[in-house]
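Dear colleague,

Please find the structure below, with its sequence. My notes on what was found in it follow.

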Amino acid sequence: MSETPPPQRRNWRWKWKKRKPSNKSRFHQGGKHQRDNNHHSNHPPDGDEKPSVATSSSRGQRSSSGSGHFDDRIPGASGSGVSHQKPKPWNTTKHCGGCRKSRSHSSPCGCIGARGSGGNSNKQARVKSQGVSSGHCSPGESVAGSSGGAGSAASTSSGQPPATTVVKEIPGFYYDSVKKRYFRLLPGHNNFNPLTRESIEKKEAEKKRLELLNDDQAIGQKKGTSNRNTVFCPLQRSLQTGQLTSRQFMRFSQEHSLRNLDLKPRKLANFPDQYFDGESGDISFLQVDECQQRVLMVLSHDYLSRMWQGTITPDPSKPRSVCVSDWKVINIIGTRVTKVTSASWVSCTDNPDDLQIIYSISGGPMSSVQLLRCPREGDGHNHMTYSYESNHESAWTCTWSNNPVAPSYLSIGSSNKAIVVDTVTAYKWKVFTNHSDVLAQVFSTRKPVLYNGTRRGEILGCDLRSLTQTRSDITLRMRHKVAVCSIRLLKDENYMVASDMSGQVKLWDLRQCLCVQEFKGHNNQHAHLPISVDSTEKTLYGVGQDSYTRLWSLHDATLLRTIPCPQPPSHLSPSAIFSQEWKHGTQPGLLLGVQRNLYWYPL
């Protein structure tokens, strides 16, 4: 155990530190320093290459004896050709300047304060705080946290970036992964290029969209013209051997085609717009009729909407392409505020060609629901069949009943209630909705039941044979976490697809009121977005709030394809129609409406 140095030793060290020698005094001039012979007793003779280090006790004895010169403590001073520089003790244990933990030189500490000496750690902390307050800071100081460990510190000291970096969320700042810095989001920081959370998210979404399109194009070029027989031949062989049924063969082949759907669409010709200029009005709704022939399109801008109808036919000039022709405008009658909230095709008779359109108008002091007959060939006029108006009430949705028990019934989803109107007798009832807004509705065609999707997240089935405006009218109840914005009833009416404003899409079994499947990947935060099912009831599709169109398999809830928007999206989400059975020999495909353009994705 080393002894405590005498006061004279400590005073001498203090004087030595105060009187730091210059470079001239640290090295000999023209020869070697002359040293006293008494100081060579602890050193090896000339010619020995291994200098020995004097112990603390011997140094204490030399200092206490008062002998020796100032050069005796200078590293590098030599006497008789021998170097007296003290070697660096790499294996000695020291304390970290940041966390005060014991460490060695060979294994540095991973804390922020261990990047420099004790004084430099405080200086770096001040520079770090000044960098954040001025609008940006160094990525090494902000990204590397206290959990970096020895590996991260070693990689930082060697000039290589660490393997894993953790970006910390700082209120009022955002981290740019390209520039590797934090930038302020406070107003007034940069008047020429203001930064907001919305603009940053929009920029990141656009970058992700372009990367997905480029990756798909590169994969398509790499594959080239791949032979489809490599996939369909095993399926056909399984069909011939009896391992697959014809229905399974069709489903597997369609799912394979959807997975390999080309993300580069074909732009269709513009429709003859007579009311809007080139900058107002975007496509907000698309729907196809039961015959898979006519398309209903709604254009909306602020508090103004217009409706069009067209016919889908194959394009003779381009293979595997379509064209929408025979455009006809559908005039909305008798209202100043023409904001269409919902619209759908209606077949009031057994004749499939006798189509009508039911739509709801809201946004002003008066809401209305109208039933119009589509203009026929040679007759460009619209014929109103029925109109219902209500004061100071919002009309969120509307639907028509083709049930033989409740024929010619009209239902309106309004604020805190739902109204059922008999269009023949003009009698109306109020339906119990648990004091919640009705955002989605559908009539059953086999049972006299009306299904209402409410803002509370409930799907309520109401029996129309006895309406008492109480809970006794409810025959079934299914629950979502947030507001239900879309419901679709399958053909057998034993299953229902419902989506809410949190992005959850579920398949419900109405016989047991149980969720049997859940479709993952849909993006919705607060918008009123529809979910649709194709005519074959094999594919479920919908457009999310991020403007991505997703297609799922209705059989096993597998996400088959994610289609990005072909152009930078606007404030309105695109609208999509997918069908496997287009009329007039048109091949299957997806029709997408973005802003004022129509795109075709062939299958």
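A cavity is a set of points, on a 1 Å grid over the protein atoms alone, where a 1.4 Å probe fits but cannot get out; lining residues have an atom within 4 Å of a point. Grid points are joined across faces, edges and corners, and a volume is the space filled by probe spheres set on the points. The model is predicted, with local features needing pLDDT of at least 70 and side-chain atom pairs counting only at pLDDT 80 or more, while totals for chains, interfaces and linings use all residues. Residues are numbered from 1 along each chain as its sequence is written, and side-chain values use heavy atoms, with hydrogens and water left out.

Cavities

Two cavities of 30 Å³ or more are present, and the largest holds about 60 Å³ of space. Its lining includes Ser367, Tyr388, Glu393 and Ile412. Strands S14 (366-373), S15 (383-391) and S17 (407-414) each give two or more residues to this lining; strands are DSSP runs of E with at least two residues, and helices are runs of H or I with at least four, numbered from the N terminus. S14 contributes the most, with three residues. By type, the lining has five nonpolar residues, five polar and one charged. Here Ala, Val, Leu, Ile, Met, Phe, Trp, Tyr, Cys and Pro count as nonpolar, Asp, Glu, Lys and Arg as charged, and the others, Gly among them, as polar.

Strand S26 and its partners

All five residues of S26 (505-509) are buried (under 20% relative accessible area, 1.4 Å probe, protein chains only), so the strand is largely enclosed by the rest of the structure. Val505, Leu507 and Asp509 lie on one side, and Lys506 and Trp508 on the other. S26 pairs antiparallel with S25 (495-500) over five bridges; two strands pair if DSSP finds at least two bridges between them. Alanine 498 stands opposite lysine 506. Between S25 and S26 there are four residues, and glycine 503 in this hairpin has a positive phi near 95°.

S26 also pairs antiparallel with S27 (514-519), again over five bridges, and tryptophan 508 has cysteine 515 as its bridge partner. The hairpin of S26 and S27 has four residues between the strands, with cysteine 513 in the turn at a positive phi of about 60°.

A four-stranded sheet

An open sheet has the order S8-S9-S10-S11, with antiparallel pairing. S8 (282-288) and S11 (322-330) stand at the edges with a single partner strand each, so one side of each has no neighbour in the sheet. Eight bridges join S9 (294-301) to S10 (304-314).

With kind regards

Notes. On a 1 Å grid over the protein atoms alone, a cavity is a set of points where a 1.4 Å probe fits but cannot get out, and a pocket is an open set with protein on both sides within 12 Å along at least five of seven lines; lining residues have an atom within 4 Å of a point. Buried means under 20% relative accessible area, exposed over 50%, partly exposed in between (1.4 Å probe, protein chains only).
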